[in-house]
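This report introduces one protein model to a reader who has not met it before. Its pockets are treated first, followed by a strand and the nonpolar core.

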Amino acid sequence: MLVITAFKTFYSVPMKNLYLVSLFCSFLLLSCNNKTIQDNAQSNTDVSEEIQSGGVKMVEIETPVGKFKVWTKKFGDNPRIKVLLLHGGPAMTHEYMECFESFFPKEGFEMYEYDQLGSYYSDQPNNDSLWTTPRFVEEVEQVRKALNLDKDNFYLLGNSWGGILAIEYALKYQDNLKGLIISNMMPSIPDYEKYNGVLRSQMRKSLVDSLDAFEKRGAFKDSVYVSLVTKEYYNQHICRLPEWPEPVNRSFKHVNEHIYVLMQGPSEFKVGGRLLTWDRKASLKNIKVPTLAIGAKYDTMDPKAMEEISKLVQKGRYLYCPDGSHLSFWDDQKTYFPNVIQFIKDVDENKF
């Protein structure tokens with residue numbers, strides 16, 4: 001009825017006033033549209049007053065020599081499943097693990113990438129007293145608290161040095177864990193060094209002789225030596241893809257060599273840093289949380305040693321990647337990710 005009345009009123013207006021009526025209606029419509037836009041803008045502003053950062057959060061940690069910040073990035077939102085990734089090195093970066101972004105979030109998992117202190121995206125204090133395994137363990141615990149991870153949802157996945165860190169964290173703080181994943185890391189550095197000797201013995205003799213000559217001179221940064229190690233060793237045992245993924249190359253560019261050498265030694269063949277005597281085989285029996293140990297056929301780590309981890313912990317499972325190397329989450333994704341995802345789901349559903 002109101003519409004009809006308005007329609008009749010409009011046509012009762014003299015023709016000379018139609019222009020004024022039309023102008024008034026246009027002004028009224030414009031005012032209404034502007035109000036709608038303002039209301040929508042106000043509504044969007046009210047959603048959150050915090051600056052959105054794409055999931056990145058700099059976590060403040062306390063150390064014996066002061067406070068620093070470490071880089072983390074969140075993907076997804078799941079109150080039951082939260083996975084924290086621990087990169088290797090020591091002092092590599094989260095970047096070489098970015099392929100996890102293609103798998104975990106679409107499963108509904110909440111996932112966190114994280115650069116440990118001293119790594120490229122985090123603070124890099126110049127104090128060698130910080131680069132010890134116990135200090136790194138305390139850092140992980142502080143990160144856990146800052147990200148609100150707990151025993152009902154916290155899964156820790158460590159690769160290489162990150163596997164060492166994951167084992168050490170579990171031995172001290174496993175009451176805060178839901179599940180543990182040790183990816184491509186033996187539980188003993190002396191055993192790892194021996195296995196490297198086995199892999200080296202399988203190389204052609206002329207290559208080994210060349211490597212020996214460089215190593216005796218301490219020429220670990222010589223371009224020829226680096227080229228030989230990369231071509232003959234890394235491409236066979238670190239990542240077997242014909243062309244290394246950009247995130248892997250980027251991570252290698254960003255490694256903090258000082259920390260790496262201090263803790264690991266000058267090369268994969270020359271272990272001699274602070275980790276030289278690390279061995280936790282005898283302590284694995286104390287790990288009671290569900291644990292997945294991952295090995296690969298072409299790994300720098302003996303896959304049999306990773307299988308042994310699954311037998312020594314109280315609740316273990318073993319994953320073997322027949323086409324994988326040290327970065328089996330790149331060169332054997334078809335085996336790696338379905339099984340890691342299934343492990344997490346089994347633990348979450350109490351089927352482990």
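Which residues lie nearest the centre of the largest pocket? They are Tyr234, Phe252, Val255, Tyr260 and Glu268, from a lining of 36 residues. The model is a predicted one.

**Pockets**

The space in the largest pocket amounts to about 860 Å³. Several helices contribute at least two residues each to its lining, namely H4, H5 (189-201), H7 (223-237), H8 (246-253) and H9 (257-263). Of the elements that line the largest pocket, H7 gives the most, with five residues.

For the second largest pocket, the volume is about 160 Å³. Its lining consists of Ser53, Gly55, Val56, Lys57, Thr72, Lys74, Tyr112, Ala146, Leu147 and Asn148. Two or more of these lining residues come from each of strand E1 (56-63) and strand E2 (66-75).

The table sets out the volume and the lining of each pocket.

| Pocket | Volume | Nonpolar lining residues | Polar lining residues | Charged lining residues |
|---|---|---|---|---|
| Largest pocket | about 860 Å³ | 23 residues | nine residues | four residues |
| Second largest pocket | about 160 Å³ | four residues | four residues | two residues |

**Strand E3 and its partners**

Strand E3 covers residues 82-86, and five of its five residues are buried, so this strand is largely enclosed by the rest of the structure. In a regular strand, side chains alternate between the two faces of the sheet. In E3, Lys82, Leu84 and Leu86 point one way, while Val83 and Leu85 point the other way.

E3 pairs with strand E4 (residues 110-115) through three bridges, and the two run parallel. Within E4, glutamate 110 stands opposite lysine 82. Five bridges link E3 to strand E5 (residues 154-159), also in a parallel arrangement. Here valine 83 has tyrosine 155 of E5 as its bridge partner.

**The largest nonpolar core**

The largest nonpolar core has 100 residues, and those that touch the most other members are Leu84, Phe100, Phe104, Leu157, Phe329, Val340 and Ile344. Helix H4 (residues 161-173) gives the most to this core, with eight residues. H4 also supplies at least two residues to the lining of the largest pocket. Leu84, one of the core residues named above, is a buried residue of strand E3.

What does valine 340 touch, leaving aside residues up to four places away in sequence? Its contacts are Phe104, Leu157, Ile181, Leu292, Ile294 and Leu319. Phe104 and Leu157 are themselves among the residues that touch the most other members of the core.

Conventions
Residues are numbered from 1 along each chain as its sequence is written. This is a predicted model: local features need pLDDT of at least 70, side-chain atom pairs count only at pLDDT 80 or more; totals for chains, interfaces and linings use all residues. Side-chain values use heavy atoms; hydrogens and water are left out. A nonpolar core is a set of buried Ala, Val, Leu, Ile, Met, Phe, Trp, Tyr and Cys residues joined through side-chain atoms within 4.5 Å. Buried means under 20% relative accessible area, exposed over 50%, partly exposed in between (1.4 Å probe, protein chains only). Helices (H or I, at least four residues) and strands (E, at least two) are DSSP runs, numbered from the N terminus. Contact means heavy atoms within 4.5 Å. On a 1 Å grid over the protein atoms alone, a cavity is a set of points where a 1.4 Å probe fits but cannot get out, and a pocket is an open set with protein on both sides within 12 Å along at least five of seven lines; lining residues have an atom within 4 Å of a point. Grid points are joined across faces, edges and corners, and a volume is the space filled by probe spheres set on the points. Ala, Val, Leu, Ile, Met, Phe, Trp, Tyr, Cys and Pro count as nonpolar, Asp, Glu, Lys and Arg as charged, and the others, Gly among them, as polar. Two strands pair if DSSP finds at least two bridges between them.
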